[in-house]
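Let's take a walk through a protein together, one step at a time. Have the picture open and turn it around as you read.

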Amino acid sequence: MSTDHSADELLDLLGEERVRQILAATSRDPLSAKELSEECDVALSTIYRRVEDMVANDLLVEQTQIETDGSHHSVYEANVDHVDVDIENGTIDIKMDVREDAAQRFSRIWGDIRDT
């Protein structure tokens, strides 16, 4: 699934070292903010700020992980497979291929069927 986003905002985000670290770490396994803070060796407050921007721009997805004791917390997973940057006719365009889970894929396909 491909999505279009503001080129400036995405380039700004991807230009940040912490954002790239978070993307790389979450491409392996979903991680909590605390785990990201430890892996990236940055303050938890920095992780929360970056993660919020990344979720808003579809770079990450947030999921709730429920523990055996009933407690729960958020984990984050990379949501982007590929980023294309096209420079043509005086414009810069960015397209991202984001991952779809089964429910999203079903909803998209069903919506396409209803629209035809």
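One bit of vocabulary before we set off: a residue counts as buried when its relative accessible area is under 20%, as exposed when it is over 50%, and as partly exposed in between. Take E39 as a trial run: its relative accessibility is 43%, so it counts as partly exposed. Keep in mind that what you are looking at is a predicted model.

Now for the overall layout. The protein has 5 helices and 5 strands. Starting at the N terminus, the elements follow the order β-α-α-α-α-β-β-β-β-α. How much of the protein is buried? Of its 116 residues, 29% count as buried. The chain also folds back on itself: if you take the contacts between residues at least 6 apart in sequence, 47% of them join residues at least 24 apart.

Let's look at the inside next. The largest nonpolar core has 23 residues, and the ones that touch the most other members are I22, L36, I47 and L59. Which elements supply at least two residues each to this core? They are helices α1 (7-14), α2, α3 (33-40) and α4, along with strands β3 (72-78) and β5 (91-98). The largest share comes from α2, with 4 residues.

Pick out L36 and see who is around it. Skipping its neighbours within four places in sequence, L36 is in contact with I22, A25, T26, L31, D41, I47, V51 and Y76. Two names on that list, I22 and I47, are also among the core members with the most contacts to other members.

Those two residues lead us to a pair of helices. Two packed helices are described by the angle between their axes and the distance between the axes. Here, the axes of α2 (residues 17-28) and α4 (residues 44-56) come within 10 Å and cross at roughly 75 degrees. Angles of 65 to 115 degrees count as roughly perpendicular, and α2 and α4 are therefore roughly perpendicular to each other. Which residues meet there? On the α2 side you'll find R18, V19, I22 and L23, and on the α4 side I47, R50, V51 and M54. Sorted by class, this contact has 6 nonpolar residues, 2 charged ones and no polar ones.

One of those α4 residues, R50, has another partner. A search of the whole structure turns up 3 salt bridges, and one of them joins E16 to R50, with the closest N and O atoms 2.6 Å apart. This pair links distant parts of the chain: E16 sits in the loop between α1 and α2, R50 is in helix α4, and they are 34 residues apart. As for its surroundings, E16 has a relative accessible area of 26%, so it is partly exposed.

Another salt bridge brings back E39 from our trial run. The side chains of E39 and R28 meet with an N to O distance of 2.2 Å. Because R28 lies in helix α2 and E39 in helix α3, the pair ties together parts that are 11 residues apart in sequence. Is R28 buried or exposed? At 53% relative accessibility, R28 counts as exposed.

The salt bridge between D93 and K95 has an N to O distance of 4.0 Å. Both ends are partly exposed: D93 has a relative accessible area of 29%, and K95 comes in at 34%.

Time for the loops, where the backbone has a couple of surprises. Most residues other than glycine have a negative phi. D41, though, has a positive phi of about 55 degrees although it is not a glycine. You can find D41 in the loop between α3 and α4, and at 68% relative accessibility it counts as exposed. D58 also has a positive phi, about 65 degrees, and is not a glycine either. D58 lies in the loop between α4 and β2 (60-66), and with a relative accessible area of 29% it is partly exposed.

Our last stop is S32, in the loop between α2 and α3. Is S32 buried or exposed? Its relative accessible area is 9%, so S32 is buried. And what does S32 touch? Not counting residues up to four places away in sequence, S32 touches H73, S74, V75 and Y76. You have met Y76 before, as one of the contacts of L36.

Terms used:
Residues numbered from 1 in each chain as written. Predicted model: local features only at pLDDT ≥ 70, side-chain atom pairs only at ≥ 80, totals over all residues. Heavy atoms only, no water. Axes fitted to C-alpha atoms, helices over the stretch in contact; angles between N-to-C directions. Parallel < 35°, antiparallel > 145°, perpendicular 65-115°, else oblique. Contact = heavy atoms within 4.5 Å. Nonpolar A, V, L, I, M, F, W, Y, C, P; charged D, E, K, R; others polar. Core = buried A, V, L, I, M, F, W, Y, C linked by side-chain atoms within 4.5 Å. Buried < 20%, exposed > 50% of the residue type's maximum accessible area, 1.4 Å probe, protein only.
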